[in-house]
Amino acid sequence: MDLSAINPVLLIASLMVAATPILLAAIGELVVEKAGVLNLGVEGMMIVGAISGFAITVESGSPWLGFLASAIGGALLSLLFVLLTQVALANQVASGLALTLFGLGFSSLMGQSYVGIKPPQMGKLDIPFLTDLPFIGPILFGHDPILYLGIALTAAVWALLKYTRVGLVLRAVGENHDAAHALGYKVVRIRIMAIMFGGACAGLGGAYISLIRVPQWTEGMTAGVGWIALALVVFASWKPWRALLGAYLFGGVTVVQLNLQAAGVAIPVEYLAMSPYLITIIVLVFLSRDKSGAPASLGRIFHATH
Amino acid sequence: MTTPLLSLQGLTKAYPGVVANDTVSFDIGQGEVHALLGENGAGKSTLVKMIYGLVKPDSGKMVLNGQAFAPTEPRAARADGIAMVFQHFSLFDALNVAENIALGMENPPKMGDLAARIREVSETYGLPLDPFRTVGDLSAGERQRVEIIRCLLQDPKLLIMDEPTSVLTPQEVDILFETLQKLRSEGTSILYISHKLEEIRTLCDHATILRLGKNVGECTPAETSARDMAEMMVGTTLQTPERSGRDFGEVSLDISGLSVPSPSEFGTALRNLHLTVRRGEVLGVGGVAGNGQDELLGVLSGEITTAPDAVKMKGQPIGKLGPTARRKLGLLSAPEERLGHAAAPDMSLTENALLTGSVREGLESNGFLKWGETQSFAERIIKEFDVRTPGPDNAARSLSGGNLQKFVIGREVLQNPDVLVVNQPTWGVDAAAAASIRQAILDLAAKGTAVVCISQDLDELMEISDSFAALNEGRLSAPRETTGLTVDEIGLMMGGAHGMEVAHV
């Protein structure tokens, strides 16, 4: 066992990378749930985003185009959820589960010819001088742009929900859709926008795995990250910064336990492997002990009766 | 008054199977408080929804200040100066007062400025409100203030109020009326919908009466008796419930020295409660809402269990028994909250009939349900209590409040209880239906049932009860015979040691 082999700078830098897919997906789902919709299809939208982004990056040679494609792919798949739940008024839980299963299968089909290919890499942000700072430089300034996008998105969603009229209307729709309708707000339209935003974010998160974190394509490579993101939204009490905290915590424990495994710590691998889930959930359960704050209309079907 | 503010001309709206409004025409004058009267299901709500742009009329037109007015959505109606306070408040519990108000405005100012304006307007109209309190923590009266102030901030020309007083305490009603008088003196017109005819007589300048979607007459409420208005609504002569002289039998229900904490965080604990009800007696329990009414019902129905001896029925201790066991013994109850407490909203009327009727009506055997008999039981309730619904397969949620009330009361009455406990039996029910519900309760008593009627409608209690007691902060006053009881005495009983005071702000 050699703990000195663990480099703290690399550790922190890589935990940020490990956390980003979860963060992206969670922020998207947070907006969806704030609008009163429970979309359990995050995993499916992520994996479709992952393969869309991967395929377009390989074909075009541009990771930027790839990420754009992944967002579009995720949003397109979420349109299926829109069709089921907002138009056909189907049950949201069942539709979300169906979306995940469909996404997993459909992505395998799409990805058949992409197995084993290495995608072109996205350049890292490299700011002369700043990136060269000792310790802080590699941690804060040496990452790919999408990682910063994830943090920026968290800040943007937080500000949007707290300070803007759009955010207020979105929360109102999630809180009491009948009242929002009576006041003349377009409940269904607002929810469709939120669902598509959630789909796009999940797609980006998926592509972050296939293009940056891993980077290659294998079937089912999101491996439950979408579910973690879903749980994170609940345990974060629908607060964006807590979602970020939870994602980084999960990413952090994941990276630490991998390092511990590599260092040969005398704890069975299975325990190490389950530790990120356990620790994240325990910490967030304690954080969310105050008012749960779930949007009151969450998961309820809206039907305008007139 | 030269030109009317709003003129409705031949408005018609039909839904599948029912014509909600059939060529309705009337005018609302400038600065007039105009009452819209009608039984449950007479089409009042549909009519105001058309004025507010939530529903499009099939034919007919509206003229606002001399100009054609056809709002396609509430936003458009609000822009033209129409504001509406809803019957079921359209508020967002998790948001604060200022946010709720901002949502009802087209171009809300910044939160800080809005909060200042809310304070200013609310104090001008005598409806104080803290803009930063979360709406979920407010009382019914305070919530209504939020709605009213939301409307007032837009300087409405016409304020529509759909049964605004049904959830208010008498003191809150007084405050509301002062506000409305003030608005009228400033030239705002008000379209006022209510079942409470006495209220309309004191407040309104003019009344239009709807029956089965048609305008069947207009009157000046101050010059028309409540009885005449009720008869115009119903279309037939109204029967006042009659009670025959009754002899009371032995004691059916006996509570002595009962104290229980409230199961809910914001409830009122019952303190040292004594009451006895004899066979054939109707005990009226008055008092302002929130003084232990729900808890009293819970203790009697078996939802709150107590020490066995605290509650006795015909001498038998039943304090530990749950609702089903008590039903078996003949103690039935109908709580106040119709949707979610008295009835399961998404279940059909047949299923709802089964939920409380299975024990006494024998609607199940060996764990299997007898759907046929249940359905005929439900049909019997619908028929005898004149519940307006296409049939027993409809969901409880689909019935209007008054109709569902008739159903939940009828369901208990038809099971021939030995003791019946009802809370607000005619809440939100129109005059004719209320009279028939009261008659049914009196008929039951005449057959020897002991009835406990908890209500906030003092007129109702005076009409049907033999003795009267008031709940105040969880304490029950000593019951008095109703005959000869004066309003002042009742006021003292209700106020307890504290006297009446203006609603807490």
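In this predicted model, helix α1 of chain B, spanning residues 44-51, is largely enclosed by the rest of the structure, because 6 of its 8 residues are buried. The buried positions of α1(B) are B:Lys44, B:Thr46, B:Leu47, B:Val48, B:Met50 and B:Ile51. After α1(B) comes B:Gly53, which has a positive phi near 80°.

Chain B offers two further local features. B:Ser477 lies in the loop that joins β22 (475-476) to β23 (480-481) of chain B. With a relative accessible area of 19%, B:Ser477 is classed as buried, because the limit for that class is under 20%. When neighbours within four places in sequence are set aside, the contacts of B:Ser477 are with B:Ala469, B:Ala470 and B:Met493. Elsewhere in chain B, a charge is placed over an aromatic ring: the charged end of B:Lys182 sits over the ring of B:Tyr125, at 5.9 Å from the ring centre.

In chain A, the packing of helices can be followed from α2. Two packed helices are described by the angle between their axes and the distance between the axes. Helix α2 of chain A (residues 42-60) packs against helix α10 of chain A (residues 225-235) at an angle of about 135°, and their axes are 7 Å apart. This angle makes α2(A) oblique to α10(A), because roughly antiparallel packing would require an angle over 145 degrees. The two helices, α2(A) and α10(A), cross in a right-handed sense. On the α2(A) side the contact is made by A:Val42, A:Glu43 and A:Met46, and on the α10(A) side by A:Val225, A:Gly226, A:Trp227 and A:Leu230.

Helix α2(A) also packs against α4(A), with an angle of about 15° and axes 7 Å apart. The helices α2(A) and α4(A) are therefore roughly parallel, an angle under 35 degrees being the criterion. Their crossing, α2(A) past α4(A), is left-handed. From α2(A), the residues A:Val42, A:Glu43, A:Gly44, A:Met45, A:Ile47, A:Val48, A:Ile51 and A:Ser52 take part; from α4(A), they are met by A:Leu99, A:Thr100, A:Gly103, A:Leu104, A:Phe106, A:Ser107 and A:Met110. A:Val42 and A:Glu43 of α2(A) are thus listed in the contact with α10(A) and also in the contact with α4(A).

A:Phe106 leads on to the aromatic pairs, of which the whole structure contains 6 over all chains. In one of them, the ring centres of A:Phe102 and A:Phe106 are 5.4 Å apart and the planes meet at 10°, so the pair is stacked. Both residues belong to helix α4 of chain A (residues 92-110), where A:Phe102 and A:Phe106 are separated by about one helical turn because they are 4 residues apart. A:Phe102 is partly exposed, at 40% relative accessibility, and A:Phe106 is likewise partly exposed, at 33%.

A second arrangement involves A:Trp158 and A:Tyr163, an edge-to-face aromatic pair with 5.7 Å from centre to centre and 90° between the planes. A:Trp158 counts as partly exposed, with a relative accessible area of 32%. A:Tyr163, at 57% relative accessibility, is exposed, because the exposed class begins over 50%. Ring pairs join A:Trp158 and A:Tyr163 with A:Trp241 to form a cluster.

Terms used: Residues numbered from 1 in each chain as written. Chains lettered and ligands numbered in written order. Predicted model: local features only at pLDDT ≥ 70, side-chain atom pairs only at ≥ 80, totals over all residues. Heavy atoms only, no water. Phe/Tyr/Trp six-rings, centres within 6.5 Å; stacked < 30°, edge-to-face > 60°. Buried < 20%, exposed > 50% of the residue type's maximum accessible area, 1.4 Å probe, protein only. Lys NZ or Arg CZ within 6 Å of the ring centre and 35° of its normal. Axes fitted to C-alpha atoms, helices over the stretch in contact; angles between N-to-C directions. Parallel < 35°, antiparallel > 145°, perpendicular 65-115°, else oblique. Left-handed = near helix turned anticlockwise from the far one by under 90°. Contact = heavy atoms within 4.5 Å.
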